[in-house]
Amino acid sequence: MNSLTLISHPLCPFVQRAAIVLLEKQVPFERINVNLRDKPAWFLALSPNGKVPLLQVGRPDGTTAVLFESMAICEYLLETQPGPSLYPDDPILRAMNRAWIELSTTTLGDAWAFFNAKDAPTANAWAVSFEKRLAQFELALEGGPYFNGERFGMVDVAMAPVFRYFDVLQPASWAPLLTRYHRVDAWRRAILSRPSVAAAVTPDYSELLRTHFGKEIQSA
């Protein structure tokens, strides 16, 4: 079996995607965190875009491959590791799932921009955009508890970092969203209760995230 090392940062939402898949597949792996404000030379030599996650794959012949971009890493793990797939069996549904994953990335960007906004008008604009994304997911969700019903999958993996923000950073503007979008809220709770999702971040994640945003907000 190839040895796996996940090059990470404690707050990176895209690292969480790769970590969740590794944990769902119950694959042994090593995790190494890097300081992205002072990137070490060895990391820059490995990462074409200077970002995390990276997955180092140690081959039996002693060579090491380096994968970058979270979804490329997740696809590799799904193709090579045992256990159930995190995509539907039907090709049309798989393609639709991949499209919703793209939308989840946009949703994550909206949430991150909201929290990083420097003034109220900017924050409000990003909040409006974020709510539009939630409304789209609300219409797409049906039976639950997960995006594809009973089966936990890659759309759930992709949205997990977004929903983790709800638990850690809860300004008053979030509350009406959760009231309006009942399906999204139930989906959020189901995802966050998944053991692989809970274990995808370090125990000090909440404290680190609040420090990053400079907010002292009580977690849920």
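**Exercise 1. Around aspartate 110**

Leaving aside its neighbours within four places in sequence, which residues is aspartate 110 in contact with? Then decide whether aspartate 110 is buried or exposed.

*Solution.* Before you start, keep in mind that this is a predicted model.
- Step 1: find aspartate 110 in helix 4.
- Step 2: skip the neighbours within four places in sequence, and you are left with contacts to Trp126, Ser129, Phe130 and Arg133.
- Step 3: check the accessibility. Aspartate 110 has a relative accessible area of 4%, so it counts as buried, the cut-off for buried being under 20%.

**Exercise 2. Two aromatic pairs**

Find out how many aromatic pairs the structure holds, then classify two of them by the angle between their planes.

*Solution.*
- Step 1: the structure contains 15 aromatic pairs.
- Step 2: take tryptophan 42 and phenylalanine 43, whose planes stand at 85 degrees, with 6.2 Å from centre to centre. Angles over 60 degrees count as edge-to-face, and that is the label for this pair.
- Step 3: look at how each partner is placed. Tryptophan 42 is partly exposed at 39% relative accessible area, whereas phenylalanine 43 is buried at 0%.
- Step 4: now try phenylalanine 130 and phenylalanine 166. Their centres are 6.1 Å apart and their planes make an angle of 40 degrees, a tilted pair.
- Step 5: locate these two partners. Phenylalanine 130 sits in helix 5 (residues 120-140) and phenylalanine 166 in helix 6 (residues 154-168), so the pair links distant parts of the chain, 36 residues apart.
- Step 6: both phenylalanine 130 and phenylalanine 166 are buried.

**Exercise 3. A cluster and two charges over rings**

List the members of the aromatic cluster that includes Phe130 and Phe166, then locate two arginines that lie over the face of a tyrosine.

*Solution.*
- Step 1: along with Phe130 and Phe166, the cluster takes in Trp100, Phe137, Phe147, Phe163 and Trp187.
- Step 2: go to tyrosine 87. Arginine 98 lies over its face, 4.4 Å from the ring centre.
- Step 3: go to tyrosine 205. Here arginine 164 lies over the face, at 5.7 Å from the ring centre.

**Exercise 4. The two largest pockets**

Describe the largest pocket and the second largest pocket by volume, lining and residue type.

*Solution.*
- Step 1: the largest pocket has a volume of about 720 Å³, and the second largest holds about 180 Å³.
- Step 2: count the lining of the largest pocket. There are 24 residues, with His9, Cys12, Pro13, Leu36 and Trp112 nearest the centre.
- Step 3: ask which elements give two or more residues to that lining: they are helix 1 (13-24), helix 4 (91-116) and helix 10 (205-213). Helix 4 gives the largest share, four residues.
- Step 4: sort the lining of the largest pocket by type, and you get 12 nonpolar, eight polar and four charged residues.
- Step 5: repeat for the second largest pocket. Its lining has 13 residues, and Leu93, Met96, Ala140, Phe147 and Asn148 lie nearest the centre. The types are seven nonpolar, five polar and one charged.
- Step 6: for the second largest pocket, the largest share of the lining is again four residues from helix 4.

Phe147 is worth a second look: this residue of the second largest pocket's lining is also a member of the aromatic cluster.

**Exercise 5. Three residues to compare**

Work out the placement and contacts of threonine 5, leucine 46 and valine 157, not counting residues up to four places away in sequence.

*Solution.*
- Step 1: threonine 5 belongs to strand 1 (residues 3-8). At 12% relative accessibility, threonine 5 counts as buried, and it touches Glu30, Ile32, Leu54, Leu55 and Gln56.
- Step 2: leucine 46 is in helix 2 (residues 41-46). With 28% relative accessible area, leucine 46 is partly exposed. Its contacts are Leu54, Gln56 and Val66.
- Step 3: spot the overlap. Leu54 and Gln56 touch threonine 5 and also leucine 46.
- Step 4: valine 157 lies in helix 6 and is buried at 0% relative accessibility. Valine 157 touches Arg17, Ile20, Val21, Leu86 and Phe152.
- Step 5: finish with separations, C-alpha to C-alpha. Leucine 46 and valine 21 are 25 residues apart in sequence and 22 Å apart in space. Valine 157 and leucine 209 are 52 residues apart in sequence and 19 Å apart in space.

Note on methods. Residues are numbered from 1 along each chain as its sequence is written. This is a predicted model: local features need pLDDT of at least 70, side-chain atom pairs count only at pLDDT 80 or more; totals for chains, interfaces and linings use all residues. Side-chain values use heavy atoms; hydrogens and water are left out. On a 1 Å grid over the protein atoms alone, a cavity is a set of points where a 1.4 Å probe fits but cannot get out, and a pocket is an open set with protein on both sides within 12 Å along at least five of seven lines; lining residues have an atom within 4 Å of a point. Grid points are joined across faces, edges and corners, and a volume is the space filled by probe spheres set on the points. Ala, Val, Leu, Ile, Met, Phe, Trp, Tyr, Cys and Pro count as nonpolar, Asp, Glu, Lys and Arg as charged, and the others, Gly among them, as polar. Buried means under 20% relative accessible area, exposed over 50%, partly exposed in between (1.4 Å probe, protein chains only). Contact means heavy atoms within 4.5 Å. Rings of Phe, Tyr and Trp (its six-membered ring) pair if their centres lie within 6.5 Å; planes under 30 degrees apart count as stacked, over 60 as edge-to-face and the rest as tilted. A charge sits over a ring if NZ of Lys or CZ of Arg is within 6 Å of the ring centre and within 35 degrees of the ring normal.
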